[in-house]
Amino acid sequence: MKWHKLRFIAYDTICTISAPEDANPHIDEILEAGRDIALQIQSTLNMFDAQSELSLLCKNYSIGKTYRVSPMLLDFLKWNKVFYEATDGLFDPTVGPLIKLWDFLADEPVIPSDEQIREKLSVVGFSHVNVTGQFVSFDREGIVIDPGASGKGYALKLVAEYLRENGVSTALLDFGGNIYVIGGKNKERAPWKIALVDPDNVEDYKGTVFLRDAGIATSSWYEHSFSKDGRIFHHLIDPRTGYPKPLNLKSVSVISTDGAFTDFLSTSIFILGEEKGIMLIEDMRKRYDKKIDCIIVREDGSVRCTGEGIFCSHR
């Protein structure tokens, strides 16, 4: 099969949407529309764009006042609330002030003081964001919502849904390493083989996973981190402490038929830890009737999988 590939920049990374040229007579227009959806999600949710809808909401709200937001932002916030409540607050998108304080993307990151972290922790808590009906309100000043833990997965979900609705039965979406596949890689629907990065050596891979009509997202320390005095500081912040989560787990990869769930859950499980994370997956399977599995790389390098035949070790 000859493939048509559309590449673009979004979420500070390279994104691609690929599909067979014979998938649809209008495949060029369909992929371009899919790209436009991804860019619309970025322009709506980007916390680093002062003019995004999310940034303007967080910057200009008044305590107790209700705001009608776009259907996209409303849906995104409702799903964040679902995972905030399901993890007893350990998945918390209001860590935005802490992410900005740590500034992991700086040329020379600096470890914040305990006092600075305590100050930012005072405005962390999605419980201060009220999503009711079509409206959003806040009950504390200074709340900043960070979509970084779920924005790409949410985009994958919406773009994949659009492609399916327009008759595309085979496609590969790669948004900076967050991946979703529609169908198989050929007319025989053979599963896609996706390499899983080795968190101890990011130039190598730990093994491969097999995907068909599903996506995968990985949360790990190596994505945004720095070292100081022999200690690794990474971007996965524990909202209880304001510090990076200790590396009891080195990486968490989640596979699901729902692209958004891959992103939400990989972060959630990394913060929750192995046993509570597995319990969360079991709960979400029952509540939403979705296929969900995970691959956990532990501190000692051993691997735990929740599904049969989804992972093949490189070693």
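Which residue stands opposite aspartate 174 in β7? It's isoleucine 179, and the views below work outwards from that part of this predicted model.

**View 1. Strand β6 with its partners β7 and β2.**
Aspartate 174 faces isoleucine 179 across the pairing of β6 with β7. Those two strands, β6 and β7 (residues 178-182), run antiparallel and share 5 bridges. Over on β2, threonine 16 has aspartate 174 of β6 as its bridge partner. The link between β2 and β6 (residues 171-175) is antiparallel too, with 4 bridges.

**View 2. The hairpin of β1 and β2.**
β1 (residues 3-10) and β2 are an antiparallel pair held by 8 bridges, with leucine 6 opposite isoleucine 17 of β2. Just 2 residues sit between the strands of this hairpin, and tyrosine 11 in the turn has a positive phi of about 55 degrees. Strand β2 (residues 13-20) is largely enclosed by the rest of the structure, because 6 of its 8 residues are buried.

**View 3. The open sheet of 8 strands.**
Reading across, the order is β1-β2-β6-β7-β10-β13-β14-β15, and the pairing is antiparallel. The edges belong to β1 and β15 (303-305); each has a single partner strand, so one side of each has no neighbour in the sheet. On average, neighbouring strands here are turned by 10 degrees against each other, direction ignored. Two helices pack on this sheet. Helix α1 (residues 27-45) touches β1, β2 and β6, and its direction makes about 20 degrees with that of β1. Helix α7 (residues 259-272) touches β7, β10 (214-220), β13 (249-256) and β14 (292-298), with its direction at about 155 degrees to that of β13.

**View 4. Strand β14 between β13 and β15.**
How many of the residues of β14 are buried? The count is 6 of 7, so call the strand mostly covered. β13 and β14 run antiparallel and are joined by 7 bridges; one pairing to look for is leucine 249 with arginine 298 of β14. β14 and β15 are also antiparallel, joined by 3 bridges, and here isoleucine 296 stands opposite arginine 304 of β15. This hairpin has 4 residues between its strands, and glycine 301 takes a positive phi near 90 degrees.

**View 5. The sheet of 3 strands.**
This open sheet has the order β8-β9-β16, paired antiparallel. Its edge strands, β8 (192-198) and β16 (311-313), each pair on one side only. Neighbouring strands are turned by 35 degrees against each other on average, direction ignored. β8 pairs with β9 (residues 201-211) over 7 bridges in the antiparallel sense, and isoleucine 194 has valine 209 of β9 as its bridge partner. A word on confidence: β16 has the lowest mean pLDDT among the elements of the protein chain, at 80, whereas β5 (residues 135-138) has the highest, at 98. The chain as a whole has a mean pLDDT of 93, and 99% of its residues reach 70 or more.

**View 6. Nonpolar cores.**
The largest nonpolar core has 46 residues, and those with the most contacts inside it are Ile41, Ile145, Leu163, Leu173 and Phe175. Beyond its neighbours within four places in sequence, isoleucine 41 is in contact with Tyr11, Met72, Gly151, Tyr154, Ala155 and Leu158. Another core, of 24 residues, lies apart from that one and includes Trp79, Phe91, Leu249 and Val252.

**View 7. Asparagine 80 in helix α3.**
Is asparagine 80 buried or exposed? It's buried, because its relative accessible area is 0%, under the 20% cut-off. The residue lies in helix α3 (residues 71-86). Not counting residues up to four places away in sequence, asparagine 80 touches Phe91, Pro93, Phe126, Ser150 and Phe264.

**View 8. Cysteines without a disulfide.**
Searching the whole structure turns up 0 disulfides. Why is there no bond from cysteine 305 to cysteine 294? Cysteine 294 holds the closest cysteine sulfur, but at 7.9 Å from the sulfur of cysteine 305 it is too far for a bond. Cysteine 305 is partly exposed, with a relative accessible area of 31%, while cysteine 58 counts as buried at 12% relative accessibility.

Terms used
Residues are numbered from 1 along each chain as its sequence is written. This is a predicted model: local features need pLDDT of at least 70, side-chain atom pairs count only at pLDDT 80 or more; totals for chains, interfaces and linings use all residues. Side-chain values use heavy atoms; hydrogens and water are left out. A nonpolar core is a set of buried Ala, Val, Leu, Ile, Met, Phe, Trp, Tyr and Cys residues joined through side-chain atoms within 4.5 Å. Buried means under 20% relative accessible area, exposed over 50%, partly exposed in between (1.4 Å probe, protein chains only). Contact means heavy atoms within 4.5 Å. Two strands pair if DSSP finds at least two bridges between them. Axes are lines fitted to C-alpha atoms, for helices over the stretch in contact, and angles run from 0 to 180 degrees between N-to-C directions. pLDDT is the predictor's confidence in each residue, from 0 to 100. A disulfide is a pair of cysteine sulfur atoms within 2.5 Å.
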